[in-house]
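Me: I've got a model open and I'd like to check the labels people put on it. Can we go through them one by one?

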Amino acid sequence: MKAQFSGIRRILSGASALAASLMFSGMFAGNALAEDLLGQPTPGAIDLQPAASELKHHAIQFHNLVLMPIITLITLLVLGLLIWIVVRYNKKANPVPAKFSHNTTIEIIWTLVPVLILMVIAIFSFRLLFHYNDMPKPYMTVKATGYQWYWGYEYPDQKISEIVSLPLTKEQADAKKVPYLLAADKAMVVPVNQVVRVQVTGADVIHAFALPAFGLKIDAIPGRLNETWFKAEKTGVYYGQCSELCGVDHSNMPIEIQVVTQAQFDAWVKEKVAPPAAASAPAAAPAAPAEGAAPAAAPATSGATPATAPAAAPASAPAAAPAAPAA
Ligand SMILES: [Cu+2]
């Protein structure tokens, strides 16, 4: 079975290369496909965005080796038939037309051949769907919630509550030298080479979480939790957008995923987890001096009246936080 597939694949890839060179030579000679930007669209590019995850590699293979050759061959066949009929059977070349109608053989052929073509597409299509479905054991989960009109990212494993990711204005994007309508003020941060499960839902209307470089596109539906996954191969910044017409600011729902090294991710998690620890500081504060907690926190809290204590707490919190686990 596998050998058969590889045979078909070889034939199809040959046809694909031929078709691609026929269709695109000259027309797009100025575009070097190899220079496509990773993680974002390239101006003037015609191909799919380069892959940065396993799923996207499979999707590109399906597109390039199965769909494109079939589409190209069918288009060329129909074009050839049209030209042949126009040239051979016009009034001048064929003054006395044939009188017959119906041809059982041809009718069987043009019923069976499309069925076979669809079966070939289905085999490879299901293989791709199974790849999407068969998520390896995830390292972590991120819950992405679509709102009108922004995204929220929650990290249940790391106990990081929802991070609101807002779009940047044109001025902000230009100032930061990031792509407008793709970059967000806060990104989803994930480690490289780890399986990330993305749970997707909508808070108000249907949105869609899509990121081309990872081959992701899944609906964010209120009341439902959809699930997909990716395993980023390279560190970097990857952009996507909401892909379901969700209202007036649909175009203002950028998705930015920052893929960082494991060490950077761990540091980021530590930094994000710190605020909840600081939030619990006010409760711990009265007890802190007795336990000999951070000296920096002591002067601020010991002299404070109950009324000023909450106000003082946030300022002293960062200093007190590292000491808290030790106490
Ligand atoms: Cu949306």
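Reply: Sure. The expected span of a helix is 1.5 Å times one less than its number of residues. Keep in mind that this is a predicted model.

Me: What makes the span of helix α3 close to the expected one?

Reply: α3 covers residues 104-133, which is 30 residues, and the expected span is 44 Å. From its first C-alpha to its last it reaches 43 Å, close to that value.

Me: And why is α3 said to lie largely in the open?

Reply: Buried takes 20 or more other C-beta atoms within 10 Å. Of the 30 residues of α3, the number that counts as buried is one, so the helix lies largely in the open.

Me: Why is Q194 called partly exposed?

Reply: The cut-offs are 20 or more neighbours for buried and 12 or fewer for exposed. Q194 has 16 other C-beta atoms within 10 Å, so it is partly exposed. Q194 sits in the loop between β4 (188-191) and β5 (195-202).

Me: What does Q194 touch beyond four places away in sequence?

Reply: Contact here takes C-beta atoms within 7 Å. On that basis Q194 touches Y139, M140 and K231. P138 is 56 residues from Q194 in sequence, yet their C-alpha atoms are 7.5 Å apart in space.

Me: How do you know that β5 and β8 pair?

Reply: Pairing needs at least two bridges. β5 and β8 have six, in the antiparallel sense, and one bridge joins R197 to W229 in β8.

Me: What makes β3 and β8 edge strands?

Reply: The open sheet has five strands in the order β3-β2-β1-β5-β8, with mixed pairing. β3 (160-165) and β8 (226-231) each pair on one side only, which puts them at the edges. From one strand to the next the twist averages 25°.

Me: How do you know that β6 and β7 pair?

Reply: The same kind of test applies: at least two bridges are needed, and β6 (residues 207-211) and β7 (residues 216-220) have five, running antiparallel. H207 bridges to A220 in β7. The two strands form a hairpin with four residues between them, and G215 in the turn has a positive phi of about 70°.

Me: Which residues touch the most other members of the largest nonpolar core?

Reply: That core has 37 residues, and the ones touching the most other members are V142, V190, F209, F214, Y238 and I257. Strand β2 (residues 150-155) gives the largest share, four residues. Contacts of F209 include V198, L216, I218 and I255.

Notes
Residues are numbered from 1 along each chain as its sequence is written. This is a predicted model: local features need pLDDT of at least 70, side-chain atom pairs count only at pLDDT 80 or more; totals for chains, interfaces and linings use all residues. Two residues are in contact if their C-beta atoms, placed from the backbone, lie within 7 Å. A nonpolar core is a set of buried Ala, Val, Leu, Ile, Met, Phe, Trp, Tyr and Cys residues joined through C-beta atoms within 7 Å. Axes are lines fitted to C-alpha atoms, for helices over the stretch in contact, and angles run from 0 to 180 degrees between N-to-C directions.
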